[in-house]
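Q: Please take me through one part of this model up close, residue by residue, and then show me how that part sits within the whole chain. I work at the bench, so plain language is welcome.

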Amino acid sequence: KEQETTRPQFKGQYRKDEITGEIIVYYPAWKRYLKYLISFPITMLFTAGTLVLILLVHSNRDQLIARYIEQKVHPGSEEFKIDFSVSAIGKPKPITSVELNSDHLRDPMFWFLMAGLPSLLGLFLP
């Protein structure tokens with residue numbers, strides 16, 4: 001009969017199993033549930049923080065794209081600069097219809113806004 005080895009990290013009390021008569025390591029259920037009660041709120045907190053960070057990055061990205069396109073369409077408007085703020089969440093800034101031309105496609109800032117920010121978000125949130 002092959003004997004199952006216990007993990008060295010497993011802590012518990014040694015007891016005799018009433019059915020098989022073998023000595024087993026027993027870990028009380030209340031201690032296991034206590035670990036669950038601690039782990040669950042922490043997991044929810046980090047999940048909520050991750051979702052807020054995703055919302056913050058994408059809402060700011062939408063604002064940045066709208067300002068970038070506005071500056072390209074109307075060159076005399078305010079200078080384009082990258083900035084992030086929490087107030088961008090839920091604040092729509094509509095982008096009117098835009099025709100992409102070769103100037104947009106050759107501009108590195110356009111590609112940074114379109115693909116770079118989401119890629120950075122994916123790299124920072126494993």
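**A close look at α2 and its surroundings**

A: Let's start with Asp103, which is exposed, with a relative accessible area of 53%. Please keep in mind as we go that this is a predicted model. The partner to look for is Arg106, which counts as exposed because its relative accessibility is 62%, above the 50% cut-off. The side chains of Asp103 and Arg106 meet in a salt bridge, with 3.9 Å from N to O. That distance falls within the 4 Å limit used for a salt bridge, and the count for the model comes to 1.

Where do Asp103 and Arg106 lie? Both are in helix α2, 3 residues apart, or about one turn of the helix. An α-helix has 3.6 residues a turn, so residues three or four places apart point the same way. Side chains of opposite charge can then pair when their charged atoms come close.

Now step off the end of this helix. α2 covers residues 102-106, and Asp107 lies in the loop that leads from α2 to α3. Is Asp107 buried or exposed? Asp107 is buried, because its relative accessible area is 17% and the cut-off for buried is under 20%. Setting aside residues up to four places away in sequence, Asp107 touches Tyr68 and Lys72.

Those contacts bring us to α1, which runs over residues 29-73. This helix has 45 residues and reaches 65 Å from its first C-alpha to its last, close to the 66 Å expected at 1.5 Å a residue. Its buried residues are Leu56, Val57, Ser59, Asn60, Arg61, Gln63, Leu64, Ile65, Ala66, Tyr68 and Ile69. Tyr68, one of the contacts of Asp107, is thus on that list. What covers the buried residues of α1 includes α2 and α3, and this is how the short stretch we began with ties into the picture.

Two residues of α1 are worth a visit in your viewer. Asn60 lies in this helix and is buried, with a relative accessible area of 3%. Apart from its neighbours within four places in sequence, Asn60 is in contact with Asp83, Phe84, Ser85 and Ala88. His58, also found in α1, is partly exposed, with a relative accessible area of 30%. Leaving aside neighbours within four places, His58 is in contact with Pro118 and Leu121. If you look from His58 to Gln9, 49 residues away along the chain, their C-alpha atoms are separated by 42 Å.

Next comes α3, which spans residues 108-124 and includes Leu120. Leu120 counts as partly exposed, at 33% relative accessibility. Leu120 also belongs to a nonpolar surface patch that it forms with Ile82, Phe84, Phe112, Leu123 and Phe124. Together these residues have about 600 Å² of accessible area. Phe84 therefore appears twice in our tour, as a contact of the buried Asn60 and as a member of the patch.

At the other end of the sequence there are strands. Tyr14 has its place in strand β1, residues 13-16, and is exposed, with a relative accessible area of 67%. Not counting residues up to four places away, Tyr14 touches Ile23, Ile24 and Val25. The C-alpha atoms of Tyr14 and Ile24, 10 residues apart along the chain, are separated by 5.6 Å.

Now let's zoom out. The protein has 3 helices and 2 strands, which follow the pattern β-β-α-α-α along the sequence. Its radius of gyration is 28 Å, well over the 14 Å that the globule rule gives for 126 residues, so the protein is more spread out than a compact globule. The C-alpha trace spans about 85 × 30 × 20 Å along its principal axes. Of the 126 residues, 18% count as buried. The accessible surface comes to about 10,400 Å², and carbon and sulfur atoms make up 62% of it. Among contacts between residues at least 6 apart in sequence, 52% join residues at least 24 apart.

Note on methods. Residues are numbered from 1 along each chain as its sequence is written. This is a predicted model: local features need pLDDT of at least 70, side-chain atom pairs count only at pLDDT 80 or more; totals for chains, interfaces and linings use all residues. Side-chain values use heavy atoms; hydrogens and water are left out. Patches are made of residues with over 30% relative accessible area and no salt bridge: like charges are joined within 9 Å, nonpolar side chains (Val, Leu, Ile, Met, Phe, Trp, Tyr) within 5 Å. Accessible areas come from the Shrake-Rupley method with a 1.4 Å probe; for residues, only the protein chains shown count as cover. Helices (H or I, at least four residues) and strands (E, at least two) are DSSP runs, numbered from the N terminus. Buried means under 20% relative accessible area, exposed over 50%, partly exposed in between (1.4 Å probe, protein chains only). Contact means heavy atoms within 4.5 Å. The expected span of a helix is 1.5 Å times one less than its number of residues. The radius of gyration is taken over C-alpha atoms; the globule rule is 2.2 Å times the number of residues to the power 0.38.
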